[in-house]
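Before us is a model to be read feature by feature. The learner will ask how each kind of feature is read, and the teacher will reply with the general idea and then the case at hand.

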Amino acid sequence: MECIVMREFQTLKSDLNTTRLIEVNPNNLKLSDGEITVKIEKFSFTSNNITYGVAGDLIGYWNFFPSSDNANNDWGCIPMWGFARITESNNDTLSIGERLFGYFPPSDYLNLNPIKISKENFIDGKTHRRELPPVYNNYIRLSGEKNYDIEMDDIRALLFPLHITAFCLCDALQDQSYFDASQVIIISASSKTAIGLAQGLSDGVNTPKIIGLTSPSNLDFVKSLGCYDKVITYNNLEEISSSLGSVLVDMAGNKQILNYLYKSLNSNMLKCLTVGMTHWDSVAPSNDLLPEAIAEERTEFFFAPSHIQKRIADWGHDGYNKKTNLFMNSRAIQSKEWMDIKDIRGLDSFVSTYSNVVKGKINPNEGIIVTL
């Protein structure tokens with residue numbers, strides 16, 4: 001292998017505000033039989049990645065890419081969605097120069113152990129990833145993808161993981177007849193997943209009213225999207241019609257807002273799906289905050305990979321791909337009307353960008369791409 005410099009961006013698991021950028025020994029990239037080394041070209045960074053950090057131990061996100069120089073297991077690599085190019089290969093099927101789309105660490109290089117290889121994709125068969133959700137272990141071979149358009153790379157990295165979740169939420173809500181609710185209340189309505197969800201719901205037939213909750217600073221932006229029937233700011237929550245049966249979809253995990261909604265809606269809170277945890281220092285209401293009238297089982301963490309596996313079993317891979325592609329294409333077209341892609345060059349520049357996003361200092365219309 002050529003002489004390379006390999007660096008890795010790590011986050012302190014106990015405090016997402018604390019990070020470090022370290023240089024890693026390139027000998028770590030020594031290949032075993034069947035393995036490949038990829039050079040990570042670019043990745044997206046959104047509030048969704050913050051959720052990966054918050055749920056790192058709960059769901060296993062810290063386990064995808066074990067951190068280097070981490071004897072006490074204090075540091076972790078938050079997973080990112082992006083693109084990479086094969087630079088070394090001990091695999092007869094995969095050639096140097098081939099490009100991939102999938103799940104990567106915020107690092108310069110990564111070794112993968114491809115199994116179940118087809119023209120379109122493969123699975124990383126590394127031992128430590130075998131018990132992790134399969135959707136995250138899948139890598140798309142762009143050379144085998146029909147109608148691949150390199151011009152859509154940035155939008156794909158930014159919106160694919162978010163809008164897959166949005167699709168799953170739409171599908172799950174429709175499958176449950178919206179729990180007979182008259183309104184779907186989406187918390188953190190300016191988030192990209194929330195936008196995809198609201199747009200998907202607004203395309204539906206006989207959909208409940210779509211209510212978006214957002215900060216005063218984001219009010220005009222969220223209204224301009226045109227996919228919410230009503231937009232309410234967090235300081236005006238009394239404007240919510242508490243007499244209507246409601247489903248909450250929570251993208252933020254702010255316990256004060258959730259507790260207010262639980263109490264004001266009371267028995268009219270028919271379901272709460274918790275999706276994101278961007279307010280990571282104020283996550284999930286503890287059970288002692290819930291009014292007695294609200295059954296604990298009405299609140300659940302919505303895990304999109306589980307829904308994906310269910311629908312693949314129901315529809316088959318082709319059926320699932322057809323439905324999700326239609327949804328994703330519509331959302332991608334709509335994103336051109338509101339999203340401004342911001343290109344960050346290199347891991348050094350990413351340090352300050354990461355800090356701003358963790359602190360909530362990001363314009364909702366921005367999509368961040370980090371090019372290495």
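The dialogue below turns to helix packing, the nonpolar core, backbone angles and one tryptophan.

Q: What kind of model is this, and which pLDDT do local features need?

A: This is a predicted model, in which local features need a pLDDT of at least 70.

Q: How is the packing of two helices read, and at what angle do the axes of helix 3 and helix 4 cross?

A: One looks at the approach of the axes, the angle, the handedness and then the residues that meet. The axes of helix 3 and helix 4 come within 8 Å and cross at roughly 45 degrees. Because an angle of that kind falls outside the parallel, antiparallel and perpendicular ranges, helix 3 counts as oblique to helix 4. The crossing of these two helices is right-handed. On the side of helix 3 the contact is made by L159, L162, H163, T165, A166, L169, C170 and L173, and on the side of helix 4 by K192, T193, G196, L197, G200 and L201. Sorted by class, the residues of this contact are 8 nonpolar, 5 polar and 1 charged.

Q: Which residues meet where helix 4 packs on helix 7, and at what angle do the two axes cross?

A: The axes of helix 4 (residues 192–202) and helix 7 (residues 304–335) come within 10 Å, with a crossing angle of roughly 115 degrees, which means that helix 4 is roughly perpendicular to helix 7. This crossing, too, is right-handed. G196, Q199 and G200 of helix 4 meet F327, R331 and Q334 of helix 7, and the residues of this contact divide into 1 nonpolar, 4 polar and 1 charged.

Q: Is helix 4 mostly covered or mostly uncovered?

A: Helix 4 is mostly covered, since 10 of its 11 residues are buried; among them are K192, Q199 and L201.

Q: How should a nonpolar core be read, and which residues touch the most other members of the largest one?

A: In soluble globular proteins, nonpolar side chains tend to be buried together. Here the largest nonpolar core has 89 residues, and those touching the most other members are I186, L197, Y228 and V249. Helix 3 (residues 153–175) gives the most to this core, namely 12 residues. If residues up to four places away in sequence are not counted, I186 touches A194, L197, A198, L201, I210, I211, G212, L213, Y228, V249 and M251. Another core, of 16 residues, lies apart from the largest one and includes I185, I211, L213 and L261.

Q: How is a positive phi read, and where is the place of D69 and of N206?

A: Most residues other than glycine have a negative phi. D69, although not a glycine, has a positive phi of about 50 degrees, and its place is in the loop between helix 2 (56–59) and strand 4 (75–76). D69 is exposed, with a relative accessible area of 58%. N206, also not a glycine, has a positive phi of about 55 degrees and sits in the loop between helix 4 and strand 12 (209–214). N206 is likewise exposed, with a relative accessible area of 73%.

Q: How is a single side chain read, and with which residues is W315 in contact?

A: One notes the element, the exposure and the neighbours. W315 lies in helix 7 and is partly exposed, with a relative accessible area of 26%. Leaving aside neighbours within four places in sequence, W315 is in contact with F167, D171, Y320 and K323.

Note on methods. Residues are numbered from 1 along each chain as its sequence is written. This is a predicted model: local features need pLDDT of at least 70, side-chain atom pairs count only at pLDDT 80 or more; totals for chains, interfaces and linings use all residues. Side-chain values use heavy atoms; hydrogens and water are left out. Axes are lines fitted to C-alpha atoms, for helices over the stretch in contact, and angles run from 0 to 180 degrees between N-to-C directions. Helices (H or I, at least four residues) and strands (E, at least two) are DSSP runs, numbered from the N terminus. Angles under 35 degrees count as roughly parallel, over 145 as roughly antiparallel, 65 to 115 as roughly perpendicular and the rest as oblique. A crossing is left-handed if the near helix is turned anticlockwise from the far one by less than a right angle, and right-handed if clockwise. Contact means heavy atoms within 4.5 Å. Ala, Val, Leu, Ile, Met, Phe, Trp, Tyr, Cys and Pro count as nonpolar, Asp, Glu, Lys and Arg as charged, and the others, Gly among them, as polar. A nonpolar core is a set of buried Ala, Val, Leu, Ile, Met, Phe, Trp, Tyr and Cys residues joined through side-chain atoms within 4.5 Å. Buried means under 20% relative accessible area, exposed over 50%, partly exposed in between (1.4 Å probe, protein chains only).
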